[in-house]
Amino acid sequence: MPHSYSPTQLPDREVTTRLMATPTDTNVAGDIFGGWIMSQIDIAGAVVAHKRAQGRVVTVAVNSLQFHQPVYVGDMVSCYAQISHVGRTSLTATVEVYAVRERGRAECYKVTEATLTYVAVDDDRQPRPVPPEQS
Ligand SMILES: CC(C)(COP(=O)(O)OP(=O)(O)OC[C@H]1O[C@@H](n2cnc3c(N)ncnc32)[C@H](O)[C@@H]1OP(=O)(O)O)[C@@H](O)C(=O)NCCC(=O)NCCS
């Protein structure tokens with residue numbers, strides 16, 4: 001996907017999570033650990049799933065995940081999540097991750113994208129129907 005390797009711009013919509021990648025998040029090579037990015041993705045997906053489900057959700061599956069570019073220490077990492085499908089008790093979220101890095105001037109790259117499925121659960125951790133969307 002050549003577009004993923006070219007500088008781009010942050011989406012013109014509300015950001016779900018934003019965090020700076022720090023040295024504590026690195027792998028042995030000194031780049032940001034993929035598991036840290038996956039954690040940010042899961043949190044961002046859960047934020048929109050929780051909002052749409054009006055309550056507790058759990059992650060049931062990571063359907064797809066692709067790392068397009070590395071993330072470096074100091075990058076500002078932004079996750080943009082949106083609900084792409086609502087089932088009876090499940091919700092699928094698409095999460096796009098962008099890194100803004102300073103290289104003399106700020107450059108923005110789409111570094112990762114993923115889709116995850118969440119399930120709305122009740123107090124007993126059992127699936128519950130996703131309520132109708134609030135207007
Ligand atoms: C999520 C959980 C409550 C689902 O329980 P379950 O008995 O399998 O529930 P169901 O079979 O009725 O499935 C519930 C929904 O999830 C969907 N689902 C289940 N497994 C899925 C999978 N692997 N991928 C996509 N969707 C899945 C079902 O299609 C169903 O969706 P729908 O109601 O919209 O049609 C249960 O599997 C669980 O607690 N898992 C652990 C969750 C967790 O702890 N996550 C954090 C890990 S650290």
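Which backbone atom lies 2.9 Å from a nitrogen atom of the ligand? The atom in question is a backbone N or O atom of T59, and it counts as a polar contact, a pair of N or O atoms within 3.5 Å. Before going further, the reader should know that this is a predicted model, in which local features need pLDDT of at least 70 and side-chain atom pairs count only at pLDDT 80 or more, while totals for chains, interfaces and linings use all residues. Residues are numbered from 1 along each chain as its sequence is written, and side-chain values use heavy atoms, with hydrogens and water left out.

Two further contacts involve oxygen atoms of the ligand: a polar backbone atom of R88 is 2.8 Å from an oxygen atom of the ligand, and a polar side-chain atom of T89 lies 2.6 Å from an oxygen atom of the ligand. Taken alone, the ligand exposes 960 Å², of which the protein buries 41%, the areas coming from the Shrake-Rupley method with a 1.4 Å probe. The elements that give two or more residues to the shell around the ligand are β2 (57-67) and β5 (105-120), and β2 gives the most, with four residues. Such strands are DSSP runs of E with at least two residues, whereas helices are runs of H or I with at least four, numbered from the N terminus. Among the residues that surround the ligand are V58, T59, R88, T89 and R125, where being near means having a heavy atom within 4 Å.

The strands can be followed next, with pairing taken to require at least two bridges found by DSSP. Strand β1 (residues 17-20) runs antiparallel to strand β3 (residues 76-86), and four bridges join them, with T17 standing opposite C79 in β3. On β3 there is also an antiparallel pairing with strand β4 (residues 90-103), over ten bridges, in which H85 has T92 of β4 as its bridge partner. A hairpin of three residues joins β3 to β4.

β3 returns in the largest pocket, since the elements that give two or more residues to its lining are α1 (34-53) and β3. A pocket is an open set of points on a 1 Å grid over the protein atoms alone, where a 1.4 Å probe fits, with protein on both sides within 12 Å along at least five of seven lines, and lining residues have an atom within 4 Å of a point. The largest share of this lining, four residues, comes from α1.

Methods
Polar contact = N/O pair within 3.5 Å; in protein donor to acceptor, adjacent residues only side chain to side chain.
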